[in-house]
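Me: I'd like to talk through the enclosed spaces in this protein. Could we take them one by one?

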Amino acid sequence: MSRDRIPVSIITGFLGAGKSTLLNRLLKDPAMSDAAIIINEFGDVSIDHMLVESAGEGIIELAEGCLCCTVRGELVDTLAELMDGIQTGKLKPVKRVVIETTGLADPAPVMQSVMGNPVIAQNFVLNGVITVVDAVNGLSTLDNHQEAVKQAAVADRLVMTKRALADAATISTLTARLQALNPRAIIEDGDKTDWSAAGLLDNGLYDAGSKNADVGRWLGEEAEHDHHEHDHEQGHHHHYHGEHDNHHHDVARHDASIRSFSIVHEEPVSPMAIDMFVDLLRSAHGEKLLRMKAIVKLSDNPGRPLVLHGVQNIFHTPERLAAWPDPVDQRTRMVLITKDLPEAFVQDLFAAFTSTPGVDRPDRQAMTDNPLAVSGLRF
């Protein structure tokens, strides 16, 4: 079960946003002594008083006790090497892995390395994406780099650095923009120094302390609720305001194509219906599906929800929980982050597979012909 897999956190963010600074602060937390850090940067990354060269000899142990390795070739190979070292006793066991990506990287392949390879997925589980955005250059970075927009959109948690160097209007505009782009991520103050590694890095389905599934937090429902509360007090700040209007007329270009939305469904869903829905979404629209998290009430065993987690066309091995973490809320909930894939289209597609009369009939023909014909979707 996933409880024994090693949680992997990904720290991403644009060049110069302050990823290394954040990593160095995290390394001061004693809880990181049984962690492994994988650095995926070009060039040298300075870890306090110790330069790790990207061509270095694999894996070294830092003074604090944590392991540090650089990616040579594929990330999957580095993770496999780490696992092999731990299993053969050459390396000490680790309780968590932190991967720092290159500044320009699209985070999807890094996430997929953890999720998509069956051997890796047996031993590691994606514990979340932390995206570092700097307050001074954040707005222009989002304007000029589509990758930065994706990094912010798929994050479980956003860390805004260099706030002390930015004026209040800039911070407010950037905050509103990040919330519009990713309403479910918590935005942290990157200038604080007392980082708890667990507090920042644990964004996975399982609560690190109790090992129980915390679905609401994982789906980002709490953060979204907080933002809505905040909006009502402030009177909806989702339009971009203040002195940046002049050069923000092109904001829509990058941001508007990215959507974050949820699908909620009360009735149990047939395993075949969910299978076909995910399969179609993944195979026909994979490049537009930036991330999907779901907990699904299945008709074959409604008491044991199915957990789905996908990035583009790669999905983690689906998992059944022993029971609903929250006995009160047993609805199917999906959170999707898409690019150039309208919410209405996905909602219709889901409805086509779940609401069509006769969907639970065993003959597959009825299912494959019916839903698409009924909803008039074209692929």
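Me: Happy to start small: which helix supplies the largest share of the lining of the second largest cavity?

Reply: Keep in mind that this is a predicted model. The lining of the second largest cavity includes P107, A108 and M111. One helix, spanning residues 107-116, gives three residues, the largest share of that lining. The helix you want is α3.

Me: Thanks! How many charged residues does the lining of the second largest cavity have?

Reply: Among the residues that line this cavity are D106 and K150, along with V154, L290, V311 and Q312. Asp and Lys both count as charged. By class, the lining has six nonpolar residues and one polar residue, and its charged residues number two.

Me: How much space lies in the second largest cavity, and what is the volume of the largest cavity?

Reply: The search of the whole structure finds three cavities of 30 Å³ or more. The second largest holds about 40 Å³ of space. For the largest cavity, the volume is about 250 Å³.

Me: Which element supplies the largest share of the lining of the largest cavity?

Reply: Elements that each give at least two residues to this lining include α10 (221-234), β12 (289-296) and β16 (332-339). The largest share is four residues, and these come from α9.

Me: And which residues lie nearest the centre of the largest cavity?

Reply: The lining as a whole divides into ten nonpolar, five polar and eight charged residues. Of the 23 residues in the lining, those nearest the centre are D156, R184, W218, G220 and K293.

Conventions:
Residues are numbered from 1 along each chain as its sequence is written. This is a predicted model: local features need pLDDT of at least 70, side-chain atom pairs count only at pLDDT 80 or more; totals for chains, interfaces and linings use all residues. Side-chain values use heavy atoms; hydrogens and water are left out. On a 1 Å grid over the protein atoms alone, a cavity is a set of points where a 1.4 Å probe fits but cannot get out, and a pocket is an open set with protein on both sides within 12 Å along at least five of seven lines; lining residues have an atom within 4 Å of a point. Grid points are joined across faces, edges and corners, and a volume is the space filled by probe spheres set on the points.
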